[in-house]
Amino acid sequence: MEKNEGKILIFGGTGYIGRYMVKASIKLGHPTYVFSRPNSNKIEKINELQSMGAIIVKGKIDEHDKLVSLLREVDVVISALPYPQVFDQLKILEAIKIAGNIKRFLPSDFGVEEDRVSVLPPFEAFLEKKKKVRRAIEAANIPYTFVSANCCGAYFVNYLLQPSEQKEEITVYGTGEAKAVLNYEDDVGIFTIKVATDPRTCNRVVIYRPAANIISQNELISMWEKKKGKTFNKVHVSEEEMVTLSETLPYPQNIPISIMHSIFIKGVTTNFDLGENEIEASALYPDLNLTTIDELLDIFLHDPPKPASQHSNKFSRKPSVIAHDLIRNGNDGAMIGQEFMCFMLSLCNDYIHNVNIKNQYHQALVTGRTCASHGRKQDSKNGSRAENQM
Ligand SMILES: NC(=O)c1ccc[n+]([C@@H]2O[C@H](COP(=O)([O-])OP(=O)(O)OC[C@H]3O[C@@H](n4cnc5c(N)ncnc54)[C@H](OP(=O)(O)O)[C@@H]3O)[C@@H](O)[C@H]2O)c1
(Lines give C-alpha, C1' and ligand atoms only; values in the text may rest on other atoms or scores of the structure.)
Protein backbone atom coordinates (compact mmCIF):
# COMPACT_ATOMS: atom_id res chain seq x y z
CA MET A 1 0.00 0.00 0.00
CA GLU A 2 1.26 3.51 -0.81
CA LYS A 3 1.59 6.12 1.93
CA ASN A 4 0.11 9.57 1.41
CA GLU A 5 -0.07 12.29 4.01
CA GLY A 6 -3.12 14.13 2.70
CA LYS A 7 -6.23 13.38 4.76
CA ILE A 8 -9.38 12.87 2.73
CA LEU A 9 -12.95 13.30 4.00
CA ILE A 10 -15.71 11.72 1.91
CA PHE A 11 -19.39 12.58 2.26
CA GLY A 12 -21.65 9.81 0.95
CA GLY A 13 -18.75 7.35 1.33
CA THR A 14 -21.10 4.47 2.15
CA GLY A 15 -23.02 4.98 -1.11
CA TYR A 16 -22.86 3.40 -4.53
CA ILE A 17 -20.02 5.52 -5.92
CA GLY A 18 -18.66 6.84 -2.64
CA ARG A 19 -17.45 3.50 -1.38
CA TYR A 20 -15.21 3.03 -4.44
CA MET A 21 -13.63 6.35 -3.55
CA VAL A 22 -13.16 5.33 0.08
CA LYS A 23 -11.52 2.05 -0.98
CA ALA A 24 -9.27 3.86 -3.47
CA SER A 25 -8.29 6.46 -0.89
CA ILE A 26 -7.28 3.76 1.57
CA LYS A 27 -5.46 1.82 -1.17
CA LEU A 28 -3.50 4.94 -2.09
CA GLY A 29 -2.49 5.33 1.54
CA HIS A 30 -4.51 8.40 2.58
CA PRO A 31 -5.94 8.70 6.08
CA THR A 32 -9.61 8.43 5.04
CA TYR A 33 -12.63 9.82 6.88
CA VAL A 34 -16.23 8.94 6.00
CA PHE A 35 -19.05 11.23 7.12
CA SER A 36 -22.16 9.16 7.77
CA ARG A 37 -25.51 10.08 9.29
CA PRO A 38 -26.27 8.90 12.84
CA ASN A 39 -29.36 7.07 11.56
CA SER A 40 -27.67 5.55 8.49
CA ASN A 41 -28.93 2.08 7.66
CA LYS A 42 -25.69 1.18 5.85
CA ILE A 43 -24.39 -0.81 8.82
CA GLU A 44 -22.68 -3.52 6.76
CA LYS A 45 -20.96 -0.99 4.50
CA ILE A 46 -19.82 1.05 7.48
CA ASN A 47 -18.35 -2.04 9.15
CA GLU A 48 -16.66 -3.09 5.92
CA LEU A 49 -15.08 0.32 5.33
CA GLN A 50 -14.06 0.58 8.98
CA SER A 51 -12.36 -2.82 8.84
CA MET A 52 -10.41 -1.57 5.83
CA GLY A 53 -9.14 1.38 7.84
CA ALA A 54 -11.67 4.16 7.21
CA ILE A 55 -12.45 6.50 10.10
CA ILE A 56 -16.22 6.82 10.35
CA VAL A 57 -17.49 10.17 11.62
CA LYS A 58 -21.15 10.25 12.60
CA GLY A 59 -22.96 13.52 12.09
CA LYS A 60 -25.56 15.60 10.30
CA ILE A 61 -24.72 18.03 7.56
CA ASP A 62 -26.47 20.88 9.34
CA GLU A 63 -24.29 20.49 12.46
CA HIS A 64 -22.20 23.44 11.31
CA ASP A 65 -19.71 23.73 14.19
CA LYS A 66 -19.04 20.01 14.22
CA LEU A 67 -18.47 20.10 10.48
CA VAL A 68 -16.02 23.01 10.77
CA SER A 69 -14.00 21.20 13.46
CA LEU A 70 -13.89 18.03 11.37
CA LEU A 71 -12.84 19.93 8.25
CA ARG A 72 -9.94 21.48 10.16
CA GLU A 73 -8.56 17.96 10.63
CA VAL A 74 -8.49 17.08 6.92
CA ASP A 75 -7.02 18.40 3.65
CA VAL A 76 -9.36 17.30 0.88
CA VAL A 77 -13.15 17.00 0.78
CA ILE A 78 -15.02 14.81 -1.70
CA SER A 79 -18.79 14.79 -1.82
CA ALA A 80 -20.54 11.70 -3.21
CA LEU A 81 -23.90 12.67 -1.80
CA PRO A 82 -26.95 11.53 -3.74
CA TYR A 83 -28.83 13.80 -6.11
CA PRO A 84 -31.67 14.78 -3.72
CA GLN A 85 -29.01 16.17 -1.35
CA VAL A 86 -27.37 18.33 -4.01
CA PHE A 87 -28.06 21.62 -2.22
CA ASP A 88 -26.91 20.20 1.15
CA GLN A 89 -23.47 20.60 -0.34
CA LEU A 90 -23.85 24.35 0.12
CA LYS A 91 -23.75 23.63 3.87
CA ILE A 92 -20.45 21.80 3.37
CA LEU A 93 -19.23 24.77 1.33
CA GLU A 94 -20.16 27.21 4.11
CA ALA A 95 -18.22 25.10 6.62
CA ILE A 96 -15.23 24.88 4.24
CA LYS A 97 -15.18 28.69 3.99
CA ILE A 98 -15.05 29.02 7.78
CA ALA A 99 -12.52 26.23 8.27
CA GLY A 100 -10.22 27.96 5.78
CA ASN A 101 -7.75 25.08 5.37
CA ILE A 102 -9.25 22.83 2.69
CA LYS A 103 -6.89 22.35 -0.24
CA ARG A 104 -9.47 20.84 -2.60
CA PHE A 105 -13.23 20.30 -2.79
CA LEU A 106 -14.86 17.90 -5.26
CA PRO A 107 -18.65 18.28 -5.34
CA SER A 108 -20.93 15.37 -6.18
CA ASP A 109 -20.92 15.58 -9.98
CA PHE A 110 -19.52 12.30 -11.32
CA GLY A 111 -21.77 12.05 -14.36
CA VAL A 112 -21.92 13.79 -17.75
CA GLU A 113 -19.99 17.06 -18.07
CA GLU A 114 -22.82 19.30 -16.96
CA ASP A 115 -21.32 22.56 -18.23
CA ARG A 116 -20.88 21.20 -21.76
CA VAL A 117 -23.88 19.08 -22.64
CA SER A 118 -27.18 19.90 -24.23
CA VAL A 119 -29.89 17.56 -22.98
CA LEU A 120 -33.67 17.16 -22.76
CA PRO A 121 -35.43 19.54 -20.29
CA PRO A 122 -36.02 17.06 -17.41
CA PHE A 123 -32.32 16.13 -17.34
CA GLU A 124 -31.35 19.77 -17.85
CA ALA A 125 -33.29 20.74 -14.71
CA PHE A 126 -31.44 17.95 -12.84
CA LEU A 127 -28.05 19.23 -14.06
CA GLU A 128 -28.98 22.85 -13.41
CA LYS A 129 -28.89 22.18 -9.66
CA LYS A 130 -25.44 20.59 -9.86
CA LYS A 131 -24.25 23.60 -11.90
CA LYS A 132 -25.48 25.98 -9.20
CA VAL A 133 -23.24 24.19 -6.69
CA ARG A 134 -20.28 24.53 -9.07
CA ARG A 135 -20.91 28.27 -9.46
CA ALA A 136 -21.16 28.71 -5.67
CA ILE A 137 -17.80 26.95 -5.20
CA GLU A 138 -16.15 29.15 -7.82
CA ALA A 139 -17.63 32.28 -6.25
CA ALA A 140 -16.30 31.22 -2.83
CA ASN A 141 -12.75 30.89 -4.21
CA ILE A 142 -12.36 27.43 -2.74
CA PRO A 143 -9.81 25.29 -4.62
CA TYR A 144 -11.87 22.75 -6.54
CA THR A 145 -11.81 19.99 -9.10
CA PHE A 146 -15.01 19.31 -11.04
CA VAL A 147 -15.24 15.73 -12.23
CA SER A 148 -17.17 14.23 -15.10
CA ALA A 149 -16.89 10.47 -14.54
CA ASN A 150 -19.27 9.68 -17.42
CA CYS A 151 -21.07 6.31 -17.16
CA CYS A 152 -20.16 3.98 -14.31
CA GLY A 153 -19.37 0.77 -16.20
CA ALA A 154 -20.95 -1.91 -14.03
CA TYR A 155 -23.94 0.32 -13.27
CA PHE A 156 -24.73 0.81 -16.97
CA VAL A 157 -23.82 -2.72 -18.13
CA ASN A 158 -26.27 -3.98 -15.53
CA TYR A 159 -28.91 -1.63 -16.85
CA LEU A 160 -28.28 -2.10 -20.58
CA LEU A 161 -27.58 -5.84 -20.74
CA GLN A 162 -29.39 -6.94 -17.55
CA PRO A 163 -27.03 -9.92 -17.20
CA SER A 164 -28.57 -11.15 -13.95
CA GLU A 165 -32.05 -11.41 -15.47
CA GLN A 166 -31.33 -14.27 -17.92
CA LYS A 167 -33.44 -12.45 -20.51
CA GLU A 168 -33.55 -13.33 -24.19
CA GLU A 169 -33.90 -9.71 -25.25
CA ILE A 170 -31.91 -6.53 -24.92
CA THR A 171 -33.27 -3.01 -25.25
CA VAL A 172 -31.44 -0.78 -27.71
CA TYR A 173 -31.95 2.96 -27.36
CA GLY A 174 -32.22 4.52 -30.82
CA THR A 175 -30.05 2.96 -33.50
CA GLY A 176 -27.49 1.81 -30.94
CA GLU A 177 -24.70 3.59 -32.80
CA ALA A 178 -23.99 6.56 -30.54
CA LYS A 179 -20.76 6.19 -28.58
CA ALA A 180 -20.69 6.35 -24.79
CA VAL A 181 -17.93 6.16 -22.16
CA LEU A 182 -18.17 3.29 -19.67
CA ASN A 183 -15.65 3.43 -16.82
CA TYR A 184 -15.41 0.60 -14.32
CA GLU A 185 -16.25 1.80 -10.82
CA ASP A 186 -12.89 0.73 -9.32
CA ASP A 187 -11.15 3.00 -11.85
CA VAL A 188 -13.57 5.85 -11.12
CA GLY A 189 -12.55 5.53 -7.47
CA ILE A 190 -8.81 5.59 -8.20
CA PHE A 191 -9.07 8.45 -10.72
CA THR A 192 -11.07 10.50 -8.23
CA ILE A 193 -8.55 10.18 -5.42
CA LYS A 194 -5.68 10.89 -7.80
CA VAL A 195 -7.26 14.03 -9.26
CA ALA A 196 -8.35 15.23 -5.81
CA THR A 197 -4.73 15.41 -4.71
CA ASP A 198 -3.03 16.39 -7.98
CA PRO A 199 -1.76 20.00 -8.31
CA ARG A 200 -2.36 19.82 -12.08
CA THR A 201 -6.11 19.48 -11.58
CA CYS A 202 -6.64 22.39 -9.19
CA ASN A 203 -9.52 24.58 -10.41
CA ARG A 204 -9.91 22.44 -13.51
CA VAL A 205 -12.56 20.15 -14.95
CA VAL A 206 -11.42 16.54 -15.29
CA ILE A 207 -13.25 14.23 -17.66
CA TYR A 208 -12.86 10.45 -17.41
CA ARG A 209 -12.85 9.53 -21.10
CA PRO A 210 -10.16 6.90 -21.81
CA ALA A 211 -10.18 6.03 -25.53
CA ALA A 212 -10.43 2.31 -24.76
CA ASN A 213 -13.64 2.82 -22.77
CA ILE A 214 -15.65 4.38 -25.61
CA ILE A 215 -18.23 2.04 -27.07
CA SER A 216 -21.62 2.00 -28.78
CA GLN A 217 -24.55 -0.07 -27.52
CA ASN A 218 -24.33 -2.23 -30.67
CA GLU A 219 -20.65 -2.92 -30.06
CA LEU A 220 -21.29 -3.68 -26.40
CA ILE A 221 -24.11 -6.10 -27.23
CA SER A 222 -22.04 -7.81 -29.88
CA MET A 223 -19.14 -8.26 -27.44
CA TRP A 224 -21.53 -9.68 -24.87
CA GLU A 225 -23.09 -12.04 -27.41
CA LYS A 226 -19.64 -13.42 -28.27
CA LYS A 227 -18.85 -13.98 -24.61
CA LYS A 228 -22.21 -15.63 -23.94
CA GLY A 229 -22.11 -17.61 -27.18
CA LYS A 230 -25.66 -16.62 -28.05
CA THR A 231 -27.65 -13.99 -29.93
CA PHE A 232 -30.20 -11.79 -28.17
CA ASN A 233 -33.39 -10.30 -29.57
CA LYS A 234 -32.95 -6.54 -29.91
CA VAL A 235 -35.88 -4.35 -28.93
CA HIS A 236 -35.34 -0.85 -30.29
CA VAL A 237 -36.83 2.20 -28.63
CA SER A 238 -36.95 5.06 -31.08
CA GLU A 239 -35.63 8.54 -30.31
CA GLU A 240 -39.10 9.89 -31.01
CA GLU A 241 -40.62 7.61 -28.39
CA MET A 242 -38.04 8.59 -25.81
CA VAL A 243 -38.63 12.29 -26.42
CA THR A 244 -42.38 11.75 -26.12
CA LEU A 245 -41.92 9.85 -22.86
CA SER A 246 -39.71 12.61 -21.51
CA GLU A 247 -42.49 15.08 -22.29
CA THR A 248 -45.40 13.03 -21.00
CA LEU A 249 -44.15 11.08 -18.00
CA PRO A 250 -44.68 12.84 -14.71
CA TYR A 251 -41.69 14.14 -12.72
CA PRO A 252 -39.41 12.50 -11.67
CA GLN A 253 -40.02 9.53 -13.99
CA ASN A 254 -39.20 11.82 -16.89
CA ILE A 255 -35.56 12.07 -15.70
CA PRO A 256 -34.13 8.58 -16.38
CA ILE A 257 -35.56 8.41 -19.88
CA SER A 258 -33.99 11.81 -20.58
CA ILE A 259 -30.65 10.59 -19.25
CA MET A 260 -30.76 7.52 -21.50
CA HIS A 261 -31.66 9.74 -24.45
CA SER A 262 -28.74 12.07 -23.79
CA ILE A 263 -26.14 9.36 -23.37
CA PHE A 264 -27.25 6.74 -25.87
CA ILE A 265 -28.93 8.80 -28.59
CA LYS A 266 -27.15 12.14 -28.47
CA GLY A 267 -23.84 10.68 -27.31
CA VAL A 268 -23.20 13.48 -24.81
CA THR A 269 -20.32 11.68 -23.11
CA THR A 270 -18.29 11.72 -26.34
CA ASN A 271 -19.70 14.33 -28.71
CA PHE A 272 -17.53 17.33 -27.77
CA ASP A 273 -13.81 18.05 -27.88
CA LEU A 274 -12.17 18.98 -24.61
CA GLY A 275 -11.69 22.71 -24.02
CA GLU A 276 -8.75 24.58 -22.55
CA ASN A 277 -9.79 24.15 -18.93
CA GLU A 278 -10.68 20.47 -19.30
CA ILE A 279 -8.31 17.55 -18.79
CA GLU A 280 -8.81 13.91 -19.77
CA ALA A 281 -7.99 11.75 -16.75
CA SER A 282 -6.19 8.83 -18.39
CA ALA A 283 -3.76 11.26 -20.05
CA LEU A 284 -2.71 12.38 -16.56
CA TYR A 285 -1.97 8.85 -15.36
CA PRO A 286 -0.79 6.85 -18.38
CA ASP A 287 0.68 4.14 -16.14
CA LEU A 288 -2.65 3.23 -14.54
CA ASN A 289 -3.87 -0.18 -15.57
CA LEU A 290 -7.50 0.57 -16.37
CA THR A 291 -10.18 -2.07 -16.74
CA THR A 292 -11.18 -2.32 -20.39
CA ILE A 293 -14.79 -2.91 -21.39
CA ASP A 294 -13.78 -6.38 -22.56
CA GLU A 295 -12.42 -7.11 -19.07
CA LEU A 296 -15.53 -5.60 -17.49
CA LEU A 297 -17.71 -8.01 -19.46
CA ASP A 298 -15.46 -10.87 -18.34
CA ILE A 299 -16.16 -9.81 -14.76
CA PHE A 300 -19.89 -9.98 -15.55
CA LEU A 301 -19.42 -13.41 -17.07
CA HIS A 302 -17.65 -14.92 -14.06
CA ASP A 303 -18.62 -12.86 -10.99
CA PRO A 304 -21.37 -10.39 -11.95
CA PRO A 305 -21.44 -7.18 -9.89
CA LYS A 306 -24.83 -6.73 -8.28
CA PRO A 307 -27.17 -4.22 -9.94
CA ALA A 308 -27.09 -0.89 -8.09
CA SER A 309 -30.63 -1.53 -6.88
CA GLN A 310 -29.44 -4.49 -4.80
CA HIS A 311 -26.96 -2.30 -2.94
CA SER A 312 -29.89 -0.56 -1.36
CA ASN A 313 -31.41 -2.08 1.76
CA LYS A 314 -34.93 -1.26 0.73
CA PHE A 315 -35.06 -1.86 -2.99
CA SER A 316 -35.99 -5.49 -2.63
CA ARG A 317 -39.59 -4.80 -3.48
CA LYS A 318 -41.03 -4.75 -6.96
CA PRO A 319 -41.21 -1.27 -8.51
CA SER A 320 -44.98 -1.66 -8.79
CA VAL A 321 -45.20 -2.22 -5.02
CA ILE A 322 -42.94 0.75 -4.31
CA ALA A 323 -45.01 2.88 -6.70
CA HIS A 324 -48.11 1.88 -4.79
CA ASP A 325 -46.53 2.86 -1.45
CA LEU A 326 -45.22 6.09 -2.88
CA ILE A 327 -48.62 7.07 -4.18
CA ARG A 328 -50.32 6.22 -0.91
CA ASN A 329 -47.78 7.64 1.49
CA GLY A 330 -45.63 9.99 -0.57
CA ASN A 331 -41.86 9.87 -0.48
CA ASP A 332 -41.24 10.71 3.13
CA GLY A 333 -37.53 10.87 2.52
CA ALA A 334 -37.14 7.17 3.28
CA MET A 335 -36.28 6.50 -0.34
CA ILE A 336 -33.01 8.20 -1.09
CA GLY A 337 -30.74 8.85 -4.05
CA GLN A 338 -29.53 5.51 -5.31
CA GLU A 339 -32.68 3.68 -4.41
CA PHE A 340 -34.84 6.36 -5.97
CA MET A 341 -32.79 6.40 -9.18
CA CYS A 342 -32.89 2.60 -9.48
CA PHE A 343 -36.60 2.65 -8.89
CA MET A 344 -37.05 5.26 -11.58
CA LEU A 345 -34.86 3.33 -14.03
CA SER A 346 -36.98 0.24 -13.42
CA LEU A 347 -40.13 2.20 -14.04
CA CYS A 348 -38.55 3.59 -17.18
CA ASN A 349 -37.92 0.02 -18.37
CA ASP A 350 -41.45 -0.99 -17.47
CA TYR A 351 -42.85 1.92 -19.41
CA ILE A 352 -40.86 1.03 -22.45
CA HIS A 353 -41.66 -2.65 -22.43
CA ASN A 354 -45.11 -2.97 -21.13
CA VAL A 355 -48.23 -1.19 -22.23
CA ASN A 356 -50.23 -2.84 -19.48
CA ILE A 357 -48.04 -1.69 -16.62
CA LYS A 358 -47.67 1.72 -18.29
CA ASN A 359 -51.41 2.23 -18.15
CA GLN A 360 -51.58 1.08 -14.56
CA TYR A 361 -48.82 3.42 -13.42
CA HIS A 362 -50.43 6.31 -15.25
CA GLN A 363 -53.76 5.52 -13.66
CA ALA A 364 -52.18 5.16 -10.24
CA LEU A 365 -50.14 8.32 -10.56
CA VAL A 366 -53.04 10.36 -11.82
CA THR A 367 -55.83 9.02 -9.65
CA GLY A 368 -53.95 7.61 -6.68
CA ARG A 369 -55.30 4.12 -7.34
CA THR A 370 -53.23 1.00 -6.83
CA CYS A 371 -50.77 -0.49 -9.27
CA ALA A 372 -51.08 -4.13 -10.17
CA SER A 373 -48.13 -6.45 -10.55
CA HIS A 374 -45.99 -6.75 -13.64
CA GLY A 375 -47.44 -8.26 -16.79
CA ARG A 376 -45.58 -9.43 -19.86
CA LYS A 377 -44.12 -7.26 -22.53
CA GLN A 378 -46.11 -6.16 -25.55
CA ASP A 379 -43.97 -4.58 -28.18
CA SER A 380 -45.94 -3.07 -30.99
CA LYS A 381 -48.61 -0.87 -29.43
CA ASN A 382 -46.22 1.52 -27.72
CA GLY A 383 -44.06 1.96 -30.76
CA SER A 384 -41.27 -0.45 -29.80
CA ARG A 385 -40.04 -2.76 -32.49
CA ALA A 386 -38.95 -6.26 -31.63
CA GLU A 387 -36.19 -7.37 -33.92
CA ASN A 388 -35.57 -11.05 -33.75
CA GLN A 389 -32.03 -11.60 -34.90
CA MET A 390 -31.80 -15.26 -34.02
N1 LIG B 1 -21.93 8.30 -13.55
C2 LIG B 1 -22.77 7.38 -13.13
O3 LIG B 1 -23.00 6.36 -13.80
C4 LIG B 1 -23.41 7.56 -11.79
C5 LIG B 1 -24.13 6.49 -11.22
C6 LIG B 1 -24.69 6.69 -9.95
C7 LIG B 1 -24.55 7.91 -9.29
N8 LIG B 1 -23.86 8.93 -9.89
C9 LIG B 1 -23.65 10.22 -9.18
O10 LIG B 1 -22.84 9.93 -8.03
C11 LIG B 1 -23.21 10.75 -6.94
C12 LIG B 1 -23.52 9.88 -5.72
O13 LIG B 1 -24.66 9.09 -6.01
P14 LIG B 1 -24.88 7.65 -5.36
O15 LIG B 1 -25.94 7.01 -6.17
O16 LIG B 1 -23.58 6.95 -5.20
O17 LIG B 1 -25.44 8.04 -3.92
P18 LIG B 1 -26.24 7.08 -2.89
O19 LIG B 1 -25.61 5.73 -2.91
O20 LIG B 1 -27.69 7.18 -3.12
O21 LIG B 1 -26.00 7.82 -1.49
C22 LIG B 1 -24.70 8.07 -1.00
C23 LIG B 1 -24.72 8.21 0.52
O24 LIG B 1 -25.26 9.48 0.88
C25 LIG B 1 -25.77 9.40 2.20
N26 LIG B 1 -27.14 9.98 2.24
C27 LIG B 1 -28.25 9.47 1.73
N28 LIG B 1 -29.30 10.27 2.00
C29 LIG B 1 -28.84 11.29 2.67
C30 LIG B 1 -29.44 12.44 3.24
N31 LIG B 1 -30.74 12.63 3.19
N32 LIG B 1 -28.63 13.33 3.85
C33 LIG B 1 -27.33 13.11 3.94
N34 LIG B 1 -26.70 12.02 3.45
C35 LIG B 1 -27.44 11.14 2.82
C36 LIG B 1 -25.83 7.93 2.58
O37 LIG B 1 -24.76 7.70 3.50
P38 LIG B 1 -25.04 7.42 5.05
O39 LIG B 1 -26.23 6.53 5.13
O40 LIG B 1 -23.77 6.75 5.49
O41 LIG B 1 -25.25 8.76 5.67
C42 LIG B 1 -25.58 7.22 1.27
O43 LIG B 1 -24.90 5.98 1.44
C44 LIG B 1 -24.40 11.59 -7.40
O45 LIG B 1 -23.92 12.85 -7.82
C46 LIG B 1 -24.93 10.82 -8.62
O47 LIG B 1 -25.57 11.67 -9.56
C48 LIG B 1 -23.28 8.77 -11.11
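Let's start at Tyr33, which is found in strand S2. This is a predicted model, and Tyr33 makes a handy entry point. Is Tyr33 buried or exposed? With 23 other C-beta atoms within 10 Å, Tyr33 is buried, because the cut-off for that label is 20 or more. Leaving out residues up to four places away in sequence, Tyr33 touches Lys7, Ile8, Leu9, Ile55, Val57 and Val74. There is also a link to Leu70: this residue is 37 residues apart from Tyr33 along the chain, yet the two C-alpha atoms are separated by 9.4 Å.

**The five-stranded sheet**

Strand S2 belongs to an open sheet of five strands, and the order is S3-S2-S1-S4-S5, with parallel pairing. Which strands stand at the edges? They are S3 (55-58) and S5 (104-106); each has a single partner strand, so one side of each is left without a neighbour in the sheet. On average, neighbouring strands here are turned by 20 degrees against each other, if you ignore direction. As background, strands of a sheet pair through backbone hydrogen bonds, either parallel or antiparallel.

Zooming in on one pair, strand S1 (residues 8-11) and strand S2 (residues 32-36) run parallel and are joined by four bridges. Phe11 stands opposite Phe35 of S2 in this pairing.

**The nonpolar core**

Now for the greasy part. The largest nonpolar core has 92 residues, and the ones with the most contacts inside it are Ile8, Ile10, Met21, Val77 and Ile78. Which helix gives the most to this core? That would be H6 (residues 153-161), with seven residues. In soluble globular proteins, nonpolar side chains tend to be buried together.

Val77 is worth a click in your viewer. Setting aside residues up to four places away in sequence, Val77 touches Leu9, Leu71, Ile92, Ile96, Ile102 and Phe105. Ile8, another of the core residues with the most contacts, also turns up in the list of residues that Tyr33 touches.

**Around strand S9**

Further along the chain comes strand S9 (residues 179-183), which is mostly covered: four of its five residues are buried. S9 pairs with strand S7 (residues 151-152) through two bridges, and these two run parallel. In that pairing, Cys151 stands opposite Leu182 of S9. S9 also pairs with strand S11 (residues 214-216), through three bridges and in the antiparallel sense. There, Val181 has Ile214 of S11 as its bridge partner.

**Two helices side by side**

Helix H4 (residues 89-99) packs against helix H5 (residues 121-139) at an angle of about 10 degrees, and their axes are 10 Å apart. How do H4 and H5 lie relative to each other, roughly parallel or roughly antiparallel? Angles under 35 degrees count as roughly parallel, so that is the label for H4 and H5. The contact is made by Gln89, Leu90 and Leu93 on the H4 side and by Val133, Ala136 and Ile137 on the H5 side. By class, that gives five nonpolar, one polar and no charged residues.

**Backbone oddities**

A few spots deserve a look if you care about torsions. The peptide bond from Tyr251 to Pro252 is cis, with omega near 0 degrees. Pro252 has its place in the loop between helix H9 (239-248) and helix H10 (254-264).

Then there are two asparagines with positive phi:

| Residue | Phi | Loop |
|---|---|---|
| Asn150 | about 55 degrees | between strand S6 (145-148) and S7 |
| Asn203 | near 60 degrees | between helix H7 (185-196) and strand S10 (204-207) |

What about their surroundings? Asn150 counts as buried because it has 27 C-beta neighbours inside 10 Å. Asn203 is partly exposed, with 14 other C-beta atoms within 10 Å.

**The whole chain**

Stepping back, how many helices and strands are there in the protein chain? There are 15 helices and 14 strands. Of the 390 residues, 45% count as buried. As for contacts between residues at least 6 apart in sequence, 80% join residues at least 24 apart.

Note on methods: Residues numbered from 1 in each chain as written. Predicted model: local features only at pLDDT ≥ 70, side-chain atom pairs only at ≥ 80, totals over all residues. Buried ≥ 20, exposed ≤ 12 C-beta atoms within 10 Å, placed from the backbone. Pairing = 2+ DSSP bridges. Core = buried A, V, L, I, M, F, W, Y, C linked by C-beta atoms within 7 Å. Contact = placed C-beta atoms within 7 Å. Axes fitted to C-alpha atoms, helices over the stretch in contact; angles between N-to-C directions. Parallel < 35°, antiparallel > 145°, perpendicular 65-115°, else oblique. Nonpolar A, V, L, I, M, F, W, Y, C, P; charged D, E, K, R; others polar.
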